[in-house]
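Visitor: I am new here and would like a friendly tour. Could you show me what we will be looking at?

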Amino acid sequence: MILSQIDNSGKVGFNFYHRDRKGARVSRDFIEKLFVNMVKKSTIYFDETDNDHIFTYREKQLHTVICPSIEMITPRFVIELPITRKPAGDEEYQGNVDYWISYRNYTFLLELKHTFFAYKNPGQPHRYIRSKFKDAKKQLENIRIKECRRLADNKGTIKIALEVIVFYETSKKEISNIESDDYTYSNLLDNMIKNAELENEISFSAIWELDHRLTEPFEFENINERFPAVGCIGYISKKF
């Protein structure tokens with residue numbers, strides 16, 4: 001994975017797969033812009049608050065930076081759009097999709113998830129990370145094809161599952177902000193994907209290695225915490 005410097009935020013890198021699908025180039029362009037914008041917006045939030053990281057909260061709070069990140073790409077998007085879902089073998093029902101987005105004559109239906117990754121204890125969270133990712137994919141699969149076509153721009157609809165994974169460490173003892181060379185975050189992300197048995201299910205992955213100034217440990221409820229990286233894995237469907 002090749003990393004690129006993003007202003008004073010740190011370094012960002014991407015891996016993409018299934019590049020031969022229709023709409024793959026536009027999807028990649030959108031994902032790259034969304035992730036980089038999220039990095040920039042998260043850094044601004046950190047600088048404008050008392051060194052608070054927005055991604056250390058939960059999924060709902062993450063929309064604080066996802067929404068303006070999308071708006072920087074396109075003004076045409078809707079949050080929590082009502083849609084019809086139809087699970088296999090079940091009756092259809094009304095639900096919502098996290099984001100309906102129109103970009104470059106494509107419609108994206110995006111489901112967002114948020115998880116944590118204790119990267120110094122890498123065997124622990126894989127089931128939860130896998131479960132959240134599978135949930136997002138299932139939510140998208142249950143959106144009926146006719147519903148996708150009804151919501152589509154003239155080039156069609158593409159479904160995207162996006163899981164943001166926050167790397168963290170905690171200790172009752174003091175934590176150093178000098179990381180060991182043993183921890184290369186892009187490699188840790190790749191190993192996590194492998195251990196979670198998601199290699200054949202994801203369409204892309206991304207990593208944000210935070211700038212050193214953003215990774216100072218802090219104390220919260222008598223526990224020292226540090227957040228050195230934010231990863232992302234995702235699924236991009238075929239075009240409908």
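Guide: Let us begin with E80, which is partly exposed because its relative accessibility is 39%. Please keep in mind that this is a predicted model.

Visitor: In which strand does E80 lie, and what is its phi?
Guide: E80 lies in strand 3, residues 77-85. Most residues other than glycine have a negative phi. E80 is not a glycine, yet its phi is positive, at about 50°.

Visitor: Is E197 buried or exposed?
Guide: E197 is found in the loop between helix 5 (185-195) and strand 7. Its phi is also a positive value, near 55°, in a residue other than glycine. The relative accessible area of E197 is 59%, and over 50% counts as exposed, so E197 is exposed.

Visitor: Let us turn to the inside. Which element gives the most to the largest nonpolar core?
Guide: In soluble globular proteins, nonpolar side chains tend to be buried together. Here the largest nonpolar core has 43 residues, of which F30, F35, F108, L110, I160 and W208 touch the most other members. Elements that give two or more residues to this core include strand 2 (10-16), helix 2 (59-71), strand 5 (106-118) and strand 6 (157-171). With 9 residues, the element that gives the most is helix 1.

Visitor: Which residues does F108 touch?
Guide: F108 is among the residues that touch the most other members of the largest nonpolar core. Leaving aside residues up to four places away in sequence, F108 touches V26, S27, F30, Y99, W100, I101, Y103, I158 and I160.

Visitor: How many residues are in the second core?
Guide: This core is separate from the largest one. V97, Y119, F133 and L198 are among its members, and the number of residues in it is 30.

Visitor: How do helix 1 and helix 2 lie relative to one another, oblique or parallel?
Guide: The axes of helix 1 and helix 2 come within 8 Å and cross at roughly 125°. An angle between 115 and 145 degrees counts as oblique, so helix 1 is oblique to helix 2.

Visitor: Is the crossing of helix 1 and helix 2 left-handed or right-handed, and how many residues in their contact are nonpolar?
Guide: The crossing is right-handed. Helix 1 brings L34, N37, M38, K41 and S42 to the contact, while helix 2 brings V65, I66, P68, S69 and I70. Sorted by class, the contact has 1 charged residue and 3 polar ones, and the number of nonpolar residues is 6.

Conventions
Residues are numbered from 1 along each chain as its sequence is written. This is a predicted model: local features need pLDDT of at least 70, side-chain atom pairs count only at pLDDT 80 or more; totals for chains, interfaces and linings use all residues. Side-chain values use heavy atoms; hydrogens and water are left out. A nonpolar core is a set of buried Ala, Val, Leu, Ile, Met, Phe, Trp, Tyr and Cys residues joined through side-chain atoms within 4.5 Å. Buried means under 20% relative accessible area, exposed over 50%, partly exposed in between (1.4 Å probe, protein chains only). Helices (H or I, at least four residues) and strands (E, at least two) are DSSP runs, numbered from the N terminus. Contact means heavy atoms within 4.5 Å. Axes are lines fitted to C-alpha atoms, for helices over the stretch in contact, and angles run from 0 to 180 degrees between N-to-C directions. Angles under 35 degrees count as roughly parallel, over 145 as roughly antiparallel, 65 to 115 as roughly perpendicular and the rest as oblique. A crossing is left-handed if the near helix is turned anticlockwise from the far one by less than a right angle, and right-handed if clockwise. Ala, Val, Leu, Ile, Met, Phe, Trp, Tyr, Cys and Pro count as nonpolar, Asp, Glu, Lys and Arg as charged, and the others, Gly among them, as polar.
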